[in-house]
Amino acid sequence: MSSLTRISLAVVIVSFSTVALHAQATDRVQRESGIDSGQITAVTPLGVRISKGGVTSKIPAEEIESIQYAEEPPELNSVRTQYRRGRYDTAAERLQKIDRTKVTRPEVIQDLDFYTAACNSNLALAGKGDLKKSINEIGSFLSGQRTSYHVPAAIELHGDLYRAAGDLDLARKKYETLAKAPSPYYKSRSALLIAQLLQEQGNHTEALAQFEGSLLAAGTNTLADGMKKEATLGRAVSLAATDKVGEGITVIRQVIQQTPLNDTEALAQGYNALGDCLLAAGNKRGAREAFLHVDLLFNVSSSEHAKALARLTDLWKTLRQPTRAQDAQQRLSDEYPLSRWAR
């Protein structure tokens, strides 16, 4: 081999090594609009800073779907995928297989702590775990990992756990904490969660004010479009419950008409809300038809489909069709055993 060839080969090897090292040092932030890659230089409850080519940018926490860190255990990204799909038991099993003694990066430790606590909490909410233990576990995460971008999600989950445990005052306090963030998104989210809590308590007058506050806080923030639709539908249900059935049903039908057919999540929410309004009006057959829309046409959303099946179970019984009631109950138990609607 000539000296020139050896030099060229050495240059190639060094180049490949440099590329490999660069790839290993790359963090990837997944958000709805795409992926940002670079090096995470700071993490706070409000978001992260990422640097690439000497340029640093901020990504708000509400825009982050997940972050894949350099040097993280390869199994961790699978955990995130399973978690996003609602497969909390599978995600928890895979978390247990990760050797935490080999993890040194603080941000990765934060992710491991969050997903461990969040999986256990969601399982507890589904009746497959200890609510009190999960409340303490999320509390420990919030006190021990205060800089994590997962903090807002953990606060909401903490509120959900207190809500499920029947401590509605503490649940509301947790939801109110979100409004302290200097972000219209979280102020809107806080009001929406409080409104839904009040709605469950039958306090529809105060719920209406919170739904309207959520819509006002969201403003023109496109990231909050889903929440705005949720708040609009929730407001309509509370209108119906405060003797404004016609107005509530009109609002919901408008939302449904304006929703594209491929937005099955929003359509499922819309028809479930319509069913709730019709139930408030005493129109059980109309409500049944609305919930059947979700069951037969828009059943991609597991949470909305589970709710529709639970409503149909009760309606079929009321309409004296026990066989269909049993079928709906069985499908609810078989398809969504971890759902709160299956309890």
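**Close-up views of three helices**

**View 1. Helix H11 and its two sides.** On one side of helix H11, Gln257 and Gln258 are exposed (exposed means over 50% relative accessible area, buried under 20%, and partly exposed in between, with a 1.4 Å probe and protein chains only). On the other side, Gly248, Ile249, Val251, Ile252, Val255 and Ile256 of H11 are buried. These buried residues cover an arc of only 160° around the axis, which puts them on the same side of H11; the arc is that of the directions from the helix axis to the C-beta atoms. An α-helix has 3.6 residues a turn, so residues three or four places apart point the same way. The buried residues of H11 pack against helix H10 (225-241) and helix H12 (264-280), where contact means heavy atoms within 4.5 Å.

The model is predicted, so local features need pLDDT of at least 70 and side-chain atom pairs count only at pLDDT 80 or more, while totals for chains, interfaces and linings use all residues. Residues are numbered from 1 along each chain as its sequence is written, and side-chain values use heavy atoms, with hydrogens and water left out.

**View 2. Arg163 in helix H6.** Arg163 is found in helix H6 (residues 151-164), helices being DSSP runs of H or I with at least four residues, numbered from the N terminus. With a relative accessible area of 16%, Arg163 is buried. Leaving aside residues up to four places away in sequence, Arg163 touches Leu168, Ala171, Tyr175, Leu193, Gln196, Leu197 and Glu200.

**View 3. Helix H8 and the residue Gly202.** H8 is mostly covered, since 14 of its 17 residues are buried. Gly202, which follows H8, has a positive phi near 85°.
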